Amino acid sequence: MYKKFTCQLCGVNKTGLSYLVDKKNYCYSCYEKVISQKQAQEEKSQELYNLIKDIFKIDIIPQFTIDSISQEIKKGKTWNGIKETINYYYNVKYYEVKENDLLYISTIINRYYEETYQYLKKQKEVQKANESVDLTPVKRTVNVRKSSLVKKQKDFNYKIEDL
Ligand SMILES: [Zn+2]
């Protein structure tokens, strides 16, 4: 039987078939959007979980780790942001992998989320700078590269000391 419902995404009142996702009613076009968003989130969360499994050499992630990550997502962090943060902490900063870290994963995420963002931003800038340098004539390239490299390294050292 057709029924009256309000789509939880576009807010339109409809009479007809409603589509249920997580106990919420949607019209058909919003249902398709919600499903594809859900799939994208699912893929991103899997990428994060796979990274954690690789780093800690485990097959199953403890429930409390999954719960703390979910909490961070609810607070507005993104799956990708958390994945990059974990990657930064262990594969860029080379912090020791301790089993206990799984208990305190949200502490690591919260402490390094912003720093990871800044790091990635800087990486992109360096990449862009290198790309634009490569376009200049060979003779000049050498000079520009040297000075910009030295400068960048200095900036980076400063940042570490500030911590
Ligand atoms: Zn709708």
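**Notes on the helices of this model**

1. Let's start with helix α3, which covers residues 79-92. This helix has 14 residues and reaches 19 Å from its first C-alpha to its last, close to the 20 Å expected at 1.5 Å a residue. The expected span is 1.5 Å times one less than the number of residues. Helices (H or I, at least four residues) and strands (E, at least two) are DSSP runs, numbered from the N terminus.

2. A word on the source: this is a predicted model, in which local features need pLDDT of at least 70, side-chain atom pairs count only at pLDDT 80 or more, and totals for chains, interfaces and linings use all residues. Residues are numbered from 1 along each chain as its sequence is written.

3. What does the overall layout look like, read along the sequence? The pattern is β-β-β-β-α-α-α-α-α, and the totals come to five helices and four strands. Of the 163 residues in the protein, 10% are buried (20 or more other C-beta atoms within 10 Å of the residue's own; exposed means 12 or fewer, partly exposed in between, with C-beta atoms placed from the backbone). Among contacts (C-beta atoms, placed from the backbone, within 7 Å) with a separation of 6 or more, 46% join residues 24 or more positions apart.

4. Back to α3, and to what it hides. Its buried residues are W79, G81, I82, E84, T85, I86 and Y89. Glu84 and Thr85 may catch your eye in that list, and both are buried in the model.

5. Just beyond α3 comes Y94, with a positive phi of about 55 degrees although it is not a glycine. Y94 sits in the loop between α3 and α4, the latter being residues 105-134. Is Y94 buried or exposed? Y94 counts as exposed, because it has 8 C-beta neighbours inside 10 Å.

6. Helix α1 runs over residues 28-56. At 1.5 Å a residue, its 29 residues should span 42 Å, and its end C-alpha atoms are 42 Å apart, so the two agree. Y31, L48 and I52 are buried in α1. Where do these buried residues pack? Their partners are β3 (19-21), β4 (24-26) and α3.

7. α1 is followed by a backbone feature that you have already met after α3. Just after α1, K57 takes a positive phi of about 50 degrees, and K57 is a residue other than glycine. K57 lies in the loop between α1 and α2 (63-74). K57 is exposed, because 7 other C-beta atoms lie within 10 Å.

8. How do α1 and α3 sit against each other? Their axes (lines fitted to C-alpha atoms over the stretch in contact, with angles from 0 to 180 degrees between N-to-C directions) come within 9 Å and cross at roughly 15 degrees. The two helices are therefore roughly parallel to each other, a label for angles under 35 degrees (over 145 is roughly antiparallel, 65 to 115 roughly perpendicular, and the rest oblique).

9. Which residues form the contact between α1 and α3? From α1 come Q41, K44, S45, E47, L48, L51, I52 and I55, and they meet W79, N80, I82, K83, I86, N87 and Y90 in α3. This group divides into eight nonpolar, four polar and three charged residues; Ala, Val, Leu, Ile, Met, Phe, Trp, Tyr, Cys and Pro count as nonpolar, Asp, Glu, Lys and Arg as charged, and the others, Gly among them, as polar. L48 and I52 of α1 take part in this contact and are also buried. On the α3 side, W79, I82 and I86 meet α1 and are buried as well.

10. Helix α2 has twelve residues and reaches 16 Å from its first C-alpha to its last, close to the 16 Å expected at 1.5 Å a residue. α2 is hardly covered: one of its twelve residues is buried. G76 follows α2 and has a positive phi, near 115 degrees.

11. One residue of α2 is worth a look: E72. E72 is partly exposed, because 19 other C-beta atoms lie within 10 Å. Leaving aside its neighbours within four places in sequence, E72 is in contact with K77, I82, S106 and I109. The C-alpha atoms of E72 and S106 are separated by 7.2 Å, although these residues are 34 residues apart along the chain.

12. Finally, Y117 belongs to helix α4. Y117 counts as partly exposed, because it has 14 C-beta neighbours inside 10 Å. How many residues separate Y117 from Y88 in sequence? They are 29 residues apart, and 9.6 Å apart in space, C-alpha to C-alpha.

Technical notes: Two residues are in contact if their C-beta atoms, placed from the backbone, lie within 7 Å.
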